[in-house]
Amino acid sequence: MTTRVGPGPVLLAGGVVAIVRGSSGDRTDAVLDTLAAAGVRCLEVTLNTPGALDSLRAARRRLPDDVELGAGTVLTTAQVDAAADAGASFVVAPDARPVVAERAAAHGLGYYPGALTPTEIGAAWELGASAVKVFPAGAFGPGYLRDVRGPFRDVPLLPTGGIGIDVAGDYIRAGAIAVGVGGPLLGDALDGGSLDALADRARRLVAAVAGARG
């Protein structure tokens with residue numbers, strides 16, 4: 001097993017990872033700033049977003065130290081290297097690849113690999129995951145997360161994919177350490193939509209997670 005880097009303290013404290021994925025990188029900076037100002041302190045920019053690494057690098061210089069930045073859709077060791085160089089403190093993947101796990105650990109980065117079934121969750125944890133990204137969680141609901149949580153009490157679970165703001169708290173109550181939220185949070189903000197509306201959605205999401213934690 002690869003040496004494990006624990007979940008980031010910002011992720012654990014806030015319970016929300018905002019997933020920034022777009023077909024254009026023109027508004028990535030503005031979206032990241034808006035999310036951070038609205039209280040989302042753990043921000044993931046997927047590497048299939050144009051200019052993702054430049055956005056991460058600029059955000060690391062611009063945003064406060066208590067905002068945790070990560071790279072998403074990381075599939076290769078070269079992408080891990082690039083994410084680390086851009087100032088990311090964690091990487092997120094849709095699947096679990098040993099070479100990616102090893103490289104993330106070598107850089108001291110948090111590693112959140114994707115898995116769905118109990119067998120996949122167990123295998124991802126054995127690779128040294130910081131937490132296992134249960135994906136696509138929205139297709140199965142919080143009841144599924146609660147069920148797999150039963151035999152995996154010691155495995156931090158991070159449900160991601162299709163989770164709406166109104167149900168985010170249900171995943172926390174089902175045992176998630178945090179939720180990863182993309183489209184339902186971002187809406188059309190990356191395509192010219194209202195940043196004020198984005199900030200409102202972000203505040204509602206943060207409040208929903210905090211309320212679920214009691």
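Is R41 buried, exposed or partly exposed? In this predicted model, R41 has a relative accessibility of 25% and therefore counts as partly exposed, since a residue is called buried when its relative accessible area is under 20% and exposed when that area is over 50%. The side chain of R41 meets that of D66 in a salt bridge, with 2.7 Å from N to O. This pair links distant parts of the chain, for D66 is in the loop between α3 (52-62) and β3 (68-72), while R41 is in the loop between α2 (28-37) and β2 (42-46), 25 residues apart. D66 has a relative accessibility of 43%, and so it also falls in the partly exposed class.

The salt bridge between D66 and R41 belongs to a wider set, as a search of the whole structure finds nine salt bridges. Another of them joins the side chains of R103 and D81, again with 2.7 Å from N to O. Because R103 lies in helix α5 (residues 98-106) and D81 in helix α4, this pair ties together parts that are 22 residues apart in sequence. R103 is partly exposed, with a relative accessible area of 29%, and D81, at 29% relative accessibility, is partly exposed as well.

A salt bridge within a single helix is formed by R173 and D170, whose side chains meet at 2.8 Å, N to O. Both residues lie in helix α8 (residues 168-173), three residues apart, which is about one turn of the helix. An α-helix has 3.6 residues a turn, so residues three or four places apart point the same way. In this pair, R173 counts as exposed because its relative accessibility is 53%, whereas D170 is partly exposed, with a relative accessible area of 29%. Elsewhere, salt bridges that share partners join D54, R57 and D85 into one network.

R57, a member of that network, also offers a way to A88, since the two residues are 31 residues apart in sequence but 8.0 Å apart in space, C-alpha to C-alpha. A88 is placed in the loop between α4 (77-85) and β4 (90-92), and with a relative accessibility of 7% it counts as buried. When neighbours within four places in sequence are left aside, A88 is in contact with L69, G70, A71, A83 and L109.

From this buried loop residue the view can move to the nonpolar interior. The largest nonpolar core has 64 residues, of which L35, L43, I121 and V132 touch the most other members. The element that gives the most to this core is helix α10 (residues 195-213), with six residues. A second, separate core has ten residues, among them L11, V17, F90 and A178. As for V132 in the largest core, its contacts, leaving aside neighbours within four places in sequence, are with P113, A115, I121, A124, W125, V155, P156, L157 and L158.

L35, also named among the residues that touch the most other members of the largest core, brings the account back to α2, where T28, V31, L32, T34, L35 and A36 are buried. The cover over these buried residues of α2 includes β1 (16-20), β2, α3, α9 (183-186) and α10. Just after α2, G39 takes a positive phi of about 110 degrees, and the loop between α2 and β2 is also the place of R41, the partner of D66 with which this account began.

Notes. Residues are numbered from 1 along each chain as its sequence is written. This is a predicted model: local features need pLDDT of at least 70, side-chain atom pairs count only at pLDDT 80 or more; totals for chains, interfaces and linings use all residues. Side-chain values use heavy atoms; hydrogens and water are left out. Helices (H or I, at least four residues) and strands (E, at least two) are DSSP runs, numbered from the N terminus. Buried means under 20% relative accessible area, exposed over 50%, partly exposed in between (1.4 Å probe, protein chains only). Contact means heavy atoms within 4.5 Å. A salt bridge is a side-chain nitrogen of Lys or Arg within 4 Å of a carboxyl oxygen of Asp or Glu. A nonpolar core is a set of buried Ala, Val, Leu, Ile, Met, Phe, Trp, Tyr and Cys residues joined through side-chain atoms within 4.5 Å.
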